[in-house]
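Opening the notebook on a new model today. I'll go through it site by site and jot down what I look up.

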Amino acid sequence: MIEKKVQDQVNDQIQAEFQSGWLYLAYAAWFEERDLDGFGNWMRIQWQEEQEHGMKFYDHILRRGGEVELKDLEKPTVEAESVVDVFEAVLAHEQYITKRIHSLYDMAREEGDYPLQTLLNWFIDEQVEEEEMAESILERLKMVADDSAALYMMDQELAARSPQKDGEEQQ
Ligand SMILES: [Fe+2]
Ligand SMILES: [Fe+2]
């Protein structure tokens, strides 16, 4: 059994996770249009992971006898002039999601909702990883600057990223 107030906010988070996925897919296209397929691969994996995140909240509601409400997704806006711009935006986006997860956690605590707190513990760790990963790519990109050979090497490296299974460390 899940309280209506809690359920509403979890439904909003389902939307936020799928919206994140939509944004990553738009970035995948941005890179692939520029023949940076390794970065595109990295973004496609993010897209898949965000859908898995959305589904964790979806399953959570259903397992507790609640009702899932799927909401509209917005068209993602990609206004990037450079690869650095993209990763600045990715980092800012993940920081925004972290804030949302933390306020969901506060709400779950106030409402005495223990199962949701347990689920959110996983998300709190996941957000640390998401920010860490975006930040480390961003820092390296800043070092690379306009060196296209170095950018090409990073692209090759990101091409090797494969989808992880739950509980595995990300690269
Ligand atoms: Fe997510
Ligand atoms: Fe994410």
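My entries follow, starting with the metals and moving on to charged pairs, a helix and the rings.

**Entry 1: the model**

I'm working from a predicted model, so I keep in mind that local features here need pLDDT of at least 70.

**Entry 2: iron ion (ligand 1)**

Which residues hold the iron ion (ligand 1)? I find Glu 17 (OE), Glu 50 (OE) and His 53 (ND1) as its protein donors, lying 2.1 Å from it. Written as a sequence pattern, the donor residues are spaced E-x32-E-x2-H. Glu 17 sits in helix α1 (residues 4–33) and His 53 in helix α2, so I note a pair that links distant parts of the chain, 36 residues apart. I then checked accessibility. Glu 17 is buried, because its relative accessibility is 0%. His 53 is buried as well, with a relative accessible area of 2%.

**Entry 3: iron ion (ligand 2)**

For the iron ion (ligand 2) I get Glu 50 (OE), Glu 94 (OE), Glu 94 (OE) and Glu 130 (OE), at 2.0 to 2.7 Å. Glu 94 is listed twice among these donors. The spacing in sequence reads E-x43-E-x35-E. I looked up the geometry too: the angles among the 4 donor atoms run from 51 to 144 degrees, and the site is irregular. The reasoning is short: four donors count as tetrahedral if all angles lie between 85 and 135 degrees, and the angles here go from 51 to 144 degrees.

**Entry 4: what joins the two irons**

Which residue coordinates both iron ions? Glu 50 does, and the iron ion (ligand 1) and the iron ion (ligand 2) are 3.4 Å apart. On the ligand 2 side, I note that Glu 50 in helix α2 (residues 37–63) and Glu 130 in helix α4 (residues 114–144) link distant parts of the chain, 80 residues apart. Glu 50 is buried at a relative accessible area of 2%. Glu 130 counts as buried too, at 1%.

**Entry 5: salt bridges**

How many salt bridges does the structure hold? I get 10, and I wrote down a few.

- Lys 4 pairs with Asp 8, with the closest N and O atoms 3.0 Å apart. Both lie in helix α1, 4 residues apart, about one turn of the helix. Lys 4 is exposed at 55% relative accessibility, whereas Asp 8 is partly exposed at 29%.
- Lys 5 meets Glu 111 in a salt bridge at 2.9 Å, N to O. Lys 5 is in helix α1 and Glu 111 in the loop between α3 (83–110) and α4, so the pair ties together parts that are 106 residues apart in sequence. Lys 5 is partly exposed at 43%, and Glu 111 is partly exposed at 33%.
- Arg 34 and Glu 33 form a salt bridge at 3.7 Å, N to O. Arg 34 is partly exposed at 41%, while Glu 33 is exposed at 60%.

**Entry 6: Arg 161**

Is Arg 161 buried or exposed? At 10% relative accessibility, Arg 161 counts as buried. Arg 161 is placed in the segment after α5 (148–159). I also found a polar contact of 3.1 Å between the side chains of Arg 161 and Gln 46.

**Entry 7: helix α3**

I checked the span of α3. The helix has 28 residues and reaches 41 Å from its first C-alpha to its last, close to the 40 Å expected at 1.5 Å a residue. Just after α3, Gly 112 takes a positive phi of about 65 degrees.

**Entry 8: aromatic rings**

I count 7 aromatic pairs in the structure. In one of them, the rings of Phe 31 and Phe 87 have centres 6.3 Å apart and planes at 45 degrees, so I log that pair as tilted. Phe 31 in helix α1 and Phe 87 in helix α3 link distant parts of the chain, 56 residues apart. Phe 31 is buried at 0% relative accessible area, and Phe 87 is also buried at 0%.

Next I took Phe 57 and Phe 123: centres 4.2 Å apart, planes at 20 degrees, so this pair is stacked. Phe 57 lies in helix α2 and Phe 123 in helix α4, and this pair links distant parts of the chain, 66 residues apart. Both Phe 57 and Phe 123 are buried.

Last lookup: which residues form one aromatic cluster? My list is Trp 30, Phe 31, Phe 39, Trp 42 and Phe 87.

Conventions
Residues are numbered from 1 along each chain as its sequence is written. Chains are lettered from A and ligands numbered from 1 in the order in which they are written. Side-chain values use heavy atoms; hydrogens and water are left out. Donors are N, O and S atoms within 2.8 Å of the metal (3.2 Å for Na, K and Ca); water is not among the atoms, so sites may look incomplete. Four donors count as tetrahedral if all angles lie between 85 and 135 degrees; four count as square planar and six as octahedral if opposite donors are over 155 degrees apart and all others between 65 and 115; anything else is irregular. Buried means under 20% relative accessible area, exposed over 50%, partly exposed in between (1.4 Å probe, protein chains only). A salt bridge is a side-chain nitrogen of Lys or Arg within 4 Å of a carboxyl oxygen of Asp or Glu. A polar contact is a pair of N or O atoms within 3.5 Å; within protein, one must be able to donate a hydrogen and the other to accept it, and residues adjacent in sequence count only if both atoms are side-chain atoms. The expected span of a helix is 1.5 Å times one less than its number of residues. Rings of Phe, Tyr and Trp (its six-membered ring) pair if their centres lie within 6.5 Å; planes under 30 degrees apart count as stacked, over 60 as edge-to-face and the rest as tilted.
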